[in-house]
Amino acid sequence: MYIEWILWLLFAFMLLYIIYAIKGPSIWDRLLAMSVISTKIIIIIIFFATVNDTSYMLDFAIIYALFGFIGTIFIALFLSERSKRKKE
């Protein structure tokens, strides 16, 4: 019973951050919202792995976290370089 409430709460927060990612005031706020959404997905994967007692899903969560981190860094570097070029 508590498991369903936790999942619904996580999905509700994800929906709020999806709206924030679409209507964010700046591109940096949108990038932050996408990073938070990625974190919520990792939490859901870990939650399912512990509830179902499947340790291989933890490997998926680690890989997803790694790709999410690297993707966020690359996007941030790309956006900072683009803003530097616009200033010149």
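# Cores, surface and loops in a predicted model

Biologist: Which residues make up the largest nonpolar core?

Modeller: In this predicted model, a nonpolar core is a set of buried Ala, Val, Leu, Ile, Met, Phe, Trp, Tyr and Cys residues joined through side-chain atoms within 4.5 Å. Buried here means under 20% relative accessible area, while exposed means over 50% and partly exposed lies in between, with a 1.4 Å probe and protein chains only. The largest core has six residues in all, and they are Leu7, Leu10, Met14, Ile37, Ile44 and Phe47.

Biologist: Which elements give two or more residues to this core?

Modeller: Helices (H or I, at least four residues) and strands (E, at least two) are DSSP runs, numbered from the N terminus. Apart from this core lies another one of five residues, including Ile42, Ile45, Met57 and Ala61. The elements that give two or more residues to the largest core are helix H1 (2-23) and helix H2 (27-52).

Biologist: Which residues does Leu10 touch, not counting those up to four places away in sequence?

Modeller: Contact means that heavy atoms lie within 4.5 Å, and Leu10 is itself one of the residues of the largest core. With residues up to four places away in sequence not counted, Leu10 touches Lys40, Ile43 and Ile44.

Biologist: What does the chain average in pLDDT?

Modeller: Residues are numbered from 1 along each chain as its sequence is written. Because the model is predicted, local features need pLDDT of at least 70 and side-chain atom pairs count only at pLDDT 80 or more, whereas totals for chains, interfaces and linings use all residues, and side-chain values use heavy atoms, with hydrogens and water left out. The pLDDT is the predictor's confidence in each residue, from 0 to 100, and among the elements of the chain H1 has the lowest mean (89) and H2 the highest (92). At least 70 is reached by 99% of the residues, and the chain averages 90.

Biologist: Is Leu16 buried or exposed?

Modeller: Leu16 is found in helix H1, and its C-alpha is 9.3 Å in space from that of Ala33, although the two are 17 residues apart in sequence. Because its relative accessibility is 53%, Leu16 counts as exposed.

Biologist: Which residues is Thr54 in contact with, leaving aside its neighbours within four places in sequence?

Modeller: Thr54 lies in the loop between H2 and H3, and it counts as buried because its relative accessibility is 18%. Leaving aside its neighbours within four places in sequence, Thr54 is in contact with Phe48 and Ala49.

Biologist: What is the phi of Asp53, in degrees?

Modeller: Asp53 is also found in the loop between H2 and H3, but it counts as exposed because its relative accessibility is 70%. Although Asp53 is not a glycine, its phi is positive, at about 55 degrees.

Biologist: How does Leu77 count, as exposed or partly exposed?

Modeller: The place of Leu77 is in helix H3 (residues 56-87). Because its relative accessibility is 48%, Leu77 counts as partly exposed.
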